[in-house]
Amino acid sequence: YAASMILMLLIVQAMAAFEIQQVEAAQQAAEADTHRIQEELQALMDAAPVAIYLKDPSGRFTFFNQKVVENLGRAREAILRRGIREFFPAAEAELVEADEQRVLREGAPIQSEIRVSLPQGNRTFITLKFPLFNQEGGVRAIGGVALDITAHKQTEEALHQALRKLEDLHSALDEHAIVAITDARGRITYA
């Protein structure tokens, strides 16, 4: 009887040890998958041509992509857990913080256009900021996406200037000259 009890106890221990190994192997596989997914998410974000970031409710960066690093001109470690006031002049930081406070207060996304001073010069961005909610429905983080539209704004301004010059020229010609456009047969089509 004692031998069969010992044998049964050894079998139970072996089964328990096998079960523990299975659980540990599953945990290791899950951890490896989680790490791989985190690396893939970071790679995806870093490849994006826009700045993408998360901030905690107090406005400190908790997660961001390579474009944020490039825009701010700082190392990742110098950005992590820091607020915008460490990177922008006070007036610009206040505008950014006002948008973030609005997201926290309203719990809804907002879009804005902002001009900021960066190491590479003044830049204009279209930003979309949005809340991330916790299980209780409170805002746990602020997500943001910022698209640099500086080149677009410069082109837009150049077009406006060219249009103003054209309008000035048109007015001057209307006041001081006779202008006519003719077709191939010499008929006036515009006067």
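Ring pairs join Tyr-53, Phe-61, Phe-64 and Phe-87 into a cluster. The model is predicted. This cluster is a good place to start reading it.

A search through the whole structure turns up 3 aromatic pairs. One of them is Phe-61 with Phe-64. The two ring centres are 6.0 Å apart, and the planes meet at 80 degrees. That makes the pair edge-to-face, since planes over 60 degrees apart fall in that class. Both partners are shielded from solvent. Phe-61 has a relative accessible area of 4%, and Phe-64 has 5%. Each counts as buried because the cut-off is under 20%.

Phe-61 also pairs with Phe-87. Here the centres lie 6.2 Å apart and the planes stand at 70 degrees, so this pair is edge-to-face too. What does the contact between Phe-61 and Phe-87 tie together? Phe-61 sits in strand β2, which covers residues 61-64. Phe-87 sits in the loop between α3 (76-79) and α4 (90-106). The pair therefore ties together parts that are 26 residues apart in sequence. Phe-87 is buried as well, at 12% relative accessibility.

Phe-61 has a further neighbour, and this one carries a charge. Lys-55 lies over the face of the Phe-61 ring, 4.6 Å from the ring centre.

Now step back to the whole chain. The protein chain has 5 helices and 7 strands. Starting at the N terminus, the elements run α-β-β-α-α-α-β-β-β-α-β-β. Is the protein chain a compact globule or more spread out? It is more spread out. The radius of gyration is 31 Å, whereas the globule rule gives 16 Å for 191 residues. The value is well over the rule, which means the chain does not follow the outline of a compact globule. The C-alpha trace spans about 125 × 50 × 35 Å along its principal axes.

Burial and contacts complete the picture. Of the 191 residues in the protein chain, 24% are buried; Phe-61, Phe-64 and Phe-87 are among the buried residues. Among contacts with a separation of 6 or more, 31% involve residues 24 or more positions apart. The protein chain exposes about 13,400 Å². Carbon and sulfur atoms supply 59% of that area.

Return to the cluster with this in mind. Within a chain that is more spread out than a compact globule, ring pairs link Tyr-53, Phe-61, Phe-64 and Phe-87. Phe-61 takes part in the pair with Phe-64 and in the pair with Phe-87, and Lys-55 lies over the face of Phe-61.

Definitions and conventions. Residues numbered from 1 in each chain as written. Predicted model: local features only at pLDDT ≥ 70, side-chain atom pairs only at ≥ 80, totals over all residues. Heavy atoms only, no water. Phe/Tyr/Trp six-rings, centres within 6.5 Å; stacked < 30°, edge-to-face > 60°. Buried < 20%, exposed > 50% of the residue type's maximum accessible area, 1.4 Å probe, protein only. Helix = DSSP H or I, 4+ residues; strand = E, 2+ residues; numbered from the N terminus. Lys NZ or Arg CZ within 6 Å of the ring centre and 35° of its normal. Rg over C-alpha atoms; globule rule 2.2 N^0.38 Å. Contact = heavy atoms within 4.5 Å. Areas by Shrake-Rupley, 256 points an atom, 1.4 Å probe, with all protein chains shown as cover.
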